[in-house]
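Reader: I'd love a close look at one part of this model: the charged side chains that pair up. Could you walk me through them, and then show me what else lies in the fold?

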Amino acid sequence: MSHSSSAPTPMSFTKSGPLTGRVRVPGDKSISHRALMLSALAVGESVIEGLLEGEDVLATAAAMRAMGARIERGADDVWRVHGVGVGGLLQPESALDMGNSGTSTRLLMGLVASHAITATFTGDASLSKRPMARVTDPLGTMGAQFSCSPGEKGNQYLPIMVRGACPALPISYRLPMASAQVKSAILLAGLNTPGITTVIEPVPTRDHSERMLAGFGARLDISTDADGARVISLHGEAELKPQHVIVPGDPSSAAFPMVAASIVPGSEVRIDNVGINPTRAGLIHVLKDMGADITLVDERIVGGEPVADLIVRHATLKGIETAPDVVPSMVDEFPILFIAAACADGTSIFRGLEELRVKESDRISVMAKGLEAIGVRVEELEDGLIVHGSGGAALDGGATIAAELDHRIAMSFAIAGLVSAAPVTIDDMSPVATSFPVFTAMLEGLGAR
């Protein structure tokens with residue numbers, strides 16, 4: 001069930017005393033999606049611990065069930081997946097409802113593209129506005145066929161019917177934009193494609209797909225070309241072996257308590273079991289550059305992914321200018337970083353963020369409007385935002401924010417409310433269930449109002 005069909009859930013957040021305590025954020029969303037998909041393509045039973053049980057990941061589970069995998073959640077919160085094998089996906093009997101999940105949609109289109117099945121993908125109002133040509137174009141060159149309503153500038157939007165090609169054609173594809181979703185869709189299509197499928201990545205993006213594909217037994221060669229681009233080659237007609245996957249905490253979710261503890265005076269919060277994969281940990285480095293007090297403890301490797309506990313204490317932040325090359329390692333964390341910048345001393349300049357305009361909402365425009373509504377001076381750029389900080393003084397607050405069905409916008413302004421003189425109201429908190437169902441309970445547990 002997609003959140004957009006339920007009644008809006010408005011909620012107000014108000015100035016808070018110190019946040020203290022120890023929290024654990026939900027499992028990593030990117031890794032959870034991929035664990036379900038690859039387990040469903042392995043032969044035998046895989047076990048997944050720590051799976052994020054948000055709406056987006058449950059949409060992936062439902063789609064893999066519809067295509068033949070047996071997926072069960074035990075009373076012990078452990079998920080068990082009996083896979084069908086690469087090439088074994090079955091024709092789904094009805095359309096696959098992706099809800100709000102762009103990751104599910106783009107990655108599953110890749111899977112379907114090289115199987116002899118046809119599947120129709122539908123989504124909620126927000127997902128139906130997100131461009132899909134970035135995956136349908138390369139998958140089309142592999143032989144898959146797509147029927148949909150074309151949108152502006154020749155783009156493609158849901159609902160989309162995908163007719164897979166079997167055998168599909170291996171391709172060598174240079175990514176025109178930094179997108180882990182496009183990379184992953186092509187590699188997943190390559191699993192059931194004879195020969196070698198290659199993706200060339202001029203700017204490195206999150207590498208969970210490569211790590212997990214190798215962990216499940218796919219043969220990957222990773223190198224660097226003469227231009228310094230990353231070259232990922234997957235040997236097709238792979239046989240995946242079942243695995244025991246332990247999902248680390250999602251760094252994109254940890255961003256919210258991390259920034260909250262940094263900006264609410266007197267706070268000290270420990271966030272356990274956070275994934276610190278270098279392709280995802282950009283926010284930690286940027287916040288530290290701003291003066292944040294963040295300590296990594298008990299660094300370890302869990303299921304092939306680097307993990308640590310984070311201890312975050314309140315600190316005086318200073319304005320920053322981020323380099324565009326940090327964007328892929330923290331693309332989802334910019335909304336909450338804008339809130340940190342609003343509380344900092346001085347001006348922050350963020351550029352190279354064009355990708356934020358095609359997320360669940362136009363995150364540059366929606367954040368700019370919301371920040372202005374709570375008294376922050378901002379300048380919207382074509383590719384980013386300039387934020388003039390309050391120097392640590394309370395924000396004005398006193399506004400209702402239209403979150404545009406975007407979970408990260410809703411959570412970012414909830415955190416802003418904790419440092420605002422008047423309450424900040426979010427028009428609808430229900431989208432938060434897509435990625436962080438226990439968000440408000442976590443804040444209340446730390447002492448927020």
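Author: Happy to! Let's begin with Arg-351, which counts as partly exposed because its relative accessibility is 38%. That value falls between the 20% limit for buried and the 50% limit for exposed. Please keep in mind that this is a predicted model. The partner of Arg-351 is Asp-383: their side chains form a salt bridge, with N and O 3.2 Å apart. This pair ties together distant parts of the chain, since Arg-351 belongs to the loop between E18 and H10, while Asp-383 sits 32 residues away in the loop between strand E19 (377-381) and strand E20 (384-388). The two ends differ in their surroundings: at 15% relative accessibility, Asp-383 counts as buried, whereas Arg-351 is partly exposed.

Now compare Lys-359 and Asp-332, which also form a salt bridge, with their closest N and O atoms 3.2 Å apart. Here, too, distant parts of the chain are linked, 27 residues apart: Lys-359 lies in the loop between strand E18 (347-350) and helix H10 (363-373), and Asp-332 lies in the loop between strand E17 (305-313) and helix H9 (334-342). In this pair both residues are buried. They also have company, because a network of salt bridges links Arg-130, Arg-206, Asp-332, Lys-359, Glu-360, Arg-363, Asp-406 and Arg-408.

Another pair to click on is Asp-76 with Arg-80, where the salt bridge spans 3.8 Å from N to O. Asp-76 counts as partly exposed at 46% relative accessibility, and Arg-80 is partly exposed as well, at 28%. Across the whole structure, the search finds 31 salt bridges.

With the charged pairs in view, turn to the nonpolar side chains. In soluble globular proteins, nonpolar side chains tend to be buried together. The largest nonpolar core here has 79 residues, and Phe-413 and Phe-439 touch the most other members. Leaving aside residues up to four places away in sequence, Phe-439 touches Phe-256, Met-411, Ala-414, Ile-415, Met-429 and Val-432. Separate from this core is another one, of 66 residues, including Ile-31, Ala-113, Tyr-173 and Leu-188.

Tyr-173 leads us to a strand pairing, as its bridge partner in E11 is Val-199. Strand E10 (residues 172-174) runs parallel to E11, with three bridges between them. To get from E10 to E11 the chain passes through helix H5 (residues 180-190), in a right-handed β-α-β crossover. Strand E11 (residues 196-201) has five of its six residues buried, so the rest of the structure largely encloses this strand. E11 also pairs with strand E13 (residues 230-235), this time in the antiparallel sense over six bridges; Thr-197, for instance, has Leu-234 as its bridge partner in E13.

Strand E17, which we met just before the loop of Asp-332, takes part in an open sheet of four strands, ordered E2-E15-E17-E16 with mixed pairing. Strand E2 (20-24) and strand E16 (293-302) are at the edges with a single partner strand each, so each has one side without a neighbour in the sheet. From one strand to the next, the twist averages 15 degrees. E2 pairs with strand E15 (residues 268-275) in the parallel sense over five bridges, and Arg-22 has Arg-270 as its bridge partner in E15. Lying across E15, E16 and E17 is helix H7 (residues 251-263), which runs at about 165 degrees to E15.

Key
Residues are numbered from 1 along each chain as its sequence is written. This is a predicted model: local features need pLDDT of at least 70, side-chain atom pairs count only at pLDDT 80 or more; totals for chains, interfaces and linings use all residues. Side-chain values use heavy atoms; hydrogens and water are left out. A salt bridge is a side-chain nitrogen of Lys or Arg within 4 Å of a carboxyl oxygen of Asp or Glu. Buried means under 20% relative accessible area, exposed over 50%, partly exposed in between (1.4 Å probe, protein chains only). Helices (H or I, at least four residues) and strands (E, at least two) are DSSP runs, numbered from the N terminus. A nonpolar core is a set of buried Ala, Val, Leu, Ile, Met, Phe, Trp, Tyr and Cys residues joined through side-chain atoms within 4.5 Å. Contact means heavy atoms within 4.5 Å. Two strands pair if DSSP finds at least two bridges between them. Axes are lines fitted to C-alpha atoms, for helices over the stretch in contact, and angles run from 0 to 180 degrees between N-to-C directions. A crossover is right-handed if, with the strands pointing away from the viewer, the path from the first strand over the helix to the second runs clockwise.
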